Amino acid sequence: MIEVHTGDITKLAVDAIVNAANSTLLGGGGVDGAIHRAAGPELRKYNETLGGCPTGEARISPGFRLPARHVISTVGPVWHGGDRGEEALLERCYRSSFELALANGIRSIAFPAISTGVYGFPKDRAAAIAVKVMCEYAPRFERVIACCFSPEDAARYERELARRCPDRAAG
Ligand code: ADP
């Protein structure tokens with residue numbers, strides 16, 4: 001049900017990959033840049049029609065040249081030390097993405113570690129939030145994938161999964 005995958009999220013052939021976007025939805029660095037490059041310029045063109053997205057919310061686009069059928073863009077919080085509602089906002093990103101996926105009939109979905117790059121969210125706290133919400137929604141999906149960019153990040157998710165939902169099907 002929940003799989004931990006190490007690698008590039010743009011390679012995953014799933015119903016939807018989630019993008020850690022910025023509020024313009026028009027592309028940026030990190031995973032956002034990689035997704036826009038792999039999807040092609042059509043993604044930016046499409047997203048220009050969406051009018052941006054506030055932190056904590058999510059928007060859906062076609063996958064264009066990606067192997068994934070859709071891109072769900074969500075805007076994570078920038079870490080400012082933890083007293084500006086960052087944890088609640090990050091949780092909202094995962095929930096908004098899952099809810100949008102359900103509303104669009106999506107059965108397989110992959111997430112990057114939202115906000116843990118340039119946005120500076122502490123990785124352990126971010127993984128705890130991600131895994132908590134993933135465990136909650138996983139029964140309503142065929143596949144939920146935590147796509148980690150490094151083996152260290154993957155180990156962090158495996159630890160968190162073992163702690164929070166030890167009865168998950170092995171990934
Ligand atoms: P944010 O601005 O939300 O912090 P970043 O893209 O800077 O977003 O980083 C989010 C996470 O995505 C980081 O853990 C980073 O290592 C990871 N990442 C970067 N490129 C990819 C990719 N192609 N596939 C999966 N994860 C990626």
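A polar contact is a pair of N or O atoms within 3.5 Å. Keep that cut-off in mind for the ligand, to which we return below. The model is predicted.

Start with the sheet. Six strands form an open sheet, and their order is β1-β6-β5-β2-β4-β3. The pairing is mixed. Strands of a sheet pair through backbone hydrogen bonds, either parallel or antiparallel. The edges are β1 (2-6) and β3 (58-62), each of which pairs on one side only. On average, neighbouring strands of this sheet are turned by 25 degrees against each other, direction ignored.

Now follow β4, residues 70-75. Strand β2, residues 16-21, runs parallel to β4, and six bridges join the two. Within this pairing, Ala-16 stands opposite His-70. Further along, Ala-20 stands opposite Thr-74. Strand β3 is joined to β4 by five bridges, but here the strands run antiparallel. In β3's pairing with β4, Pro-62 stands opposite His-70. His-70 therefore has Ala-16 opposite it and also Pro-62.

How many residues of β4 are buried? Six of the six are, so β4 is largely enclosed by the rest of the structure. Its side chains split into two sets. His-70, Ile-72 and Thr-74 point one way, while Val-71, Ser-73 and Val-75 point the other way. All of these are buried.

Just before β2 comes a loop residue to look at. Asp-15 lies in the loop between β1 and β2. Is Asp-15 buried or exposed? Its relative accessibility is 14%, and buried means under 20%, so Asp-15 counts as buried. Beyond its neighbours within four places in sequence, Asp-15 is in contact with Ala-68, Arg-69 and His-70. Its other such contacts are Ile-106, Arg-107 and Ser-108.

Next come the helices. Gly-40 is found in the loop between α1 (30-39) and α2 (41-48). Its relative accessibility is 6%, so Gly-40 counts as buried. Gly-40 and Phe-64 are 24 residues apart in sequence, yet their C-alpha atoms are 6.9 Å apart in space. Helix α4 (residues 123-137) lies across β1, β5 (108-111) and β6 (143-148). Against β6, helix α4 runs at about 165 degrees.

Two loop residues have a backbone feature in common. Leu-25, in the loop between β2 and α1, has a positive phi of about 65 degrees although it is not a glycine. Leu-25 is buried, with a relative accessible area of 1%. Ser-115, in the loop between β5 and α4, has a positive phi of about 75 degrees and is not a glycine either. Ser-115 counts as buried at 5% relative accessibility.

Ser-115 leads to the ligand. Which residues come nearest to the ligand? Of the 15 residues around it, these are Asp-8, Val-31, Ser-115, Gly-117 and Val-118. A backbone N or O atom of Ser-115 lies 2.9 Å from an oxygen atom of the ligand. That is within the 3.5 Å cut-off, so the pair is a polar contact. Thr-116 contributes through its side chain: a polar atom there lies 2.9 Å from an oxygen atom of the ligand. Val-118 contributes through its backbone, where a polar atom is 2.9 Å from a ligand oxygen atom. Taken alone, the ligand exposes 570 Å², and the protein buries 89% of that.

How values were computed: Residues are numbered from 1 along each chain as its sequence is written. This is a predicted model: local features need pLDDT of at least 70, side-chain atom pairs count only at pLDDT 80 or more; totals for chains, interfaces and linings use all residues. Side-chain values use heavy atoms; hydrogens and water are left out. Two strands pair if DSSP finds at least two bridges between them. Helices (H or I, at least four residues) and strands (E, at least two) are DSSP runs, numbered from the N terminus. Axes are lines fitted to C-alpha atoms, for helices over the stretch in contact, and angles run from 0 to 180 degrees between N-to-C directions. Contact means heavy atoms within 4.5 Å. A residue is near a molecule or strand if one of its heavy atoms lies within 4 Å of it. A polar contact is a pair of N or O atoms within 3.5 Å; within protein, one must be able to donate a hydrogen and the other to accept it, and residues adjacent in sequence count only if both atoms are side-chain atoms. Accessible areas come from the Shrake-Rupley method with a 1.4 Å probe; for residues, only the protein chains shown count as cover. Buried means under 20% relative accessible area, exposed over 50%, partly exposed in between (1.4 Å probe, protein chains only).
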